[in-house]
Amino acid sequence: MPLVVNTVCQSNMNRSMAAHLKLQDVQGLQLVSSGVGEKVKIPGDRPDRPNVYDFGTPYSQIEADLRSKDEALYLRNNLIPLVARNKGIKTCPQRFTEVWAGTPCDIIFSFEERVYDTVLEVIQLTESHPAALSRVHVFNLTTNDTKEDAEKGADLSVEFLQDLVDTPDWENHVPELVQRFVDKHRQPLLHCLLVLPDLDPWSQLPRPT
């Protein structure tokens, strides 16, 4: 059976979707993606005036809204191409809590430490979990929220998860897989294994100081 991987960022627009797209090329994975924010927020015409949407708003509707507001601006800053890419992957941005409640995930892969902390908190505070799920591995690779950095983060997530699926009995070798990645890229990769329903975190690598 394929491993179910949930890529997570704040709004399910940039980093999680770049990884969702590229990880589709990794055999042995089934992909979902989500965001931990209360709303979907993307840049607006001023730093203090973002475009805000509800999770579940179709990417096609977001694209149409951006075109109606200032097509030239949102083409220039790559927001329209980004949203157009997303609608080719799935219908709409999804909230993490809703995806977690309905989709048993083997691996959650986030791209910001604040998002990683939120994911752990949500899982630990949730009273019920997807049926037949006994544990979940949560990873974080801190990645700046820009188009270029999101692509780099996606490439690194592909490299790590390809190494993982290529490793027989991978769950017994996660610390070595993480350390190999860190040694190669000199970039922290956080990991926590949550055991359900006890939710006792173990095998967590120290946070960088």
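What distance separates the centres of domain 1 and domain 2, taken over C-alpha atoms? The answer is 25 Å. This is a predicted model, in which local features need pLDDT of at least 70 and side-chain atom pairs count only at pLDDT 80 or more, while totals for chains, interfaces and linings use all residues. Residues are numbered from 1 along each chain as its sequence is written, and side-chain values use heavy atoms, with hydrogens and water left out.

Let me introduce the two parts. Domain 1 covers 3-37 + 95-195, and domain 2 covers 41-89; these bounds come from an automatic or database domain assignment. Domain 1 brings 15 residues to the contact and domain 2 brings ten, where contact means heavy atoms within 4.5 Å.

I turn now to the area. The two domains bury about 1100 Å² between them, with 66% of it on carbon and sulfur atoms. Buried area is the accessible area (1.4 Å probe) that two parts lose on being put together, summed over both. In domain 1, the residues that lose the most area to domain 2 are Ser11, Met13 and Met17, together 49% of what that side buries.

Finally, the charged groups. Between the domains the count is one salt bridge, a term for a side-chain nitrogen of Lys or Arg within 4 Å of a carboxyl oxygen of Asp or Glu. The side chains of Arg85 and Glu151 meet in a salt bridge, at 3.7 Å from N to O.
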